Amino acid sequence: MKALEEKILREGEVLPGHVLKVGSFLNQQIDVPFMNEMASEGARLFAGVPVTKVLTVEASGIALGYAVASRLNVPMVFAKKSKTANVSGDLLQAKVFSYTHNTFYTATVSAEYLTGRDTVLLVDDFLANGEALKGLAELARQGGAKIAGALIAVEKGFQKGGDALRKAGLRVESLAIIDEMSPEGGVRFRS
Ligand code: 5GP
């Protein structure tokens, strides 16, 4: 998605540790009209696929997840990263290594929200090594839900997650794929 590439070039900042900071529109401040544009493109990519729910993970997946779900006219479920008092009953849980926090968390969803009647579209803001998507896929598997595919805003194609998940048979659609980035050299996209 050309507009996303241009926005990353204008507003993104490459931090050490292969982290792209896009706090101005995706990770802290949300550029709502632009989020809606990304969601429309995502919904177009999965048009015709019978999705019953969008599944994402808090916090940064929620905005895009919500916007996509709104276009597909389905509920959005987000996995929580810690078990709070308002998560109860039977739980689906997956241990996930967090790229940005460098530690494990347990992605948790109440079992009532993902069942064998569901076909889920996985949504997240970034794809790096694929741990978050694998965790979401595991939650869907535990609930007996089918997976339609995954929609990602920014894939870092120089990290191994996207290719490995595609090889494993998951349909992964990324709105922008970065092939190279460094604080000195900036960002180069896959053409
Ligand atoms: P993965 O699980 O694929 O290794 O990493 C994806 C998760 O880590 C996403 O949920 C995202 O929140 C976070 N993440 C990974 N790389 C980046 C990055 O370069 N920038 C930001 N802002 N988040 C990232």
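Where does the ligand sit? I began with this point, keeping in mind that the model is predicted, and found that the ligand sits in the largest pocket.

**Entry 1: the shell around the ligand**

I looked up which residues surround the ligand and obtained 16 of them, with N27, D124, A128, G130 and A132 as the closest. When I sorted the shell by residue character, I found seven nonpolar residues, five polar ones and four charged ones. I then asked which elements supply these residues, and noted that β2 (19–21), β7 (119–127) and α5 (131–143) each contribute at least two, while β7 gives the most, with four residues.

**Entry 2: polar contacts of the ligand**

I next went through the polar contacts, for which I kept N or O pairs within 3.5 Å. For D124 the partner is in the side chain, where an N or O atom is 2.7 Å from an oxygen atom of the ligand. For G130 I found a polar backbone atom, again with a ligand oxygen, at 2.7 Å, and for A132 a polar backbone atom lies 2.8 Å from an oxygen atom of the ligand. I also looked up how far the ligand is covered, and recorded that the ligand taken alone exposes 510 Å², of which the protein buries 90%.

**Entry 3: the protein as a whole**

I counted six helices and ten strands in the protein. Along the principal axes, the C-alpha trace spans about 50 × 35 × 35 Å. I wanted to know how the radius of gyration compares with that of a compact globule, and since the protein has 191 residues, the expected value is near 16 Å, with which the computed 16 Å agrees.

**Entry 4: two backbone details**

Before turning to the backbone I reminded myself that most residues other than glycine have a negative phi and that most peptide bonds are trans. Against that background I noted H18, which is not a glycine and yet has a positive phi of about 55°; H18 is placed in the loop between β1 (13–15) and β2. I also noted a cis peptide bond that joins E58 and A59, with omega of about -5°, and I located A59 in the loop between β3 (53–57) and α4 (62–72).

Conventions
Residues numbered from 1 in each chain as written. Predicted model: local features only at pLDDT ≥ 70, side-chain atom pairs only at ≥ 80, totals over all residues. Heavy atoms only, no water. Near = heavy atom within 4 Å. Polar contact = N/O pair within 3.5 Å; in protein donor to acceptor, adjacent residues only side chain to side chain. Areas by Shrake-Rupley, 256 points an atom, 1.4 Å probe, with all protein chains shown as cover. 1 Å grid on protein atoms, 1.4 Å probe; cavity = no way out; pocket = protein on both sides within 12 Å on 5 of 7 lines; lining within 4 Å. Sits in = over half its atoms within 2 Å of the grid points. Nonpolar A, V, L, I, M, F, W, Y, C, P; charged D, E, K, R; others polar. Rg over C-alpha atoms; globule rule 2.2 N^0.38 Å.
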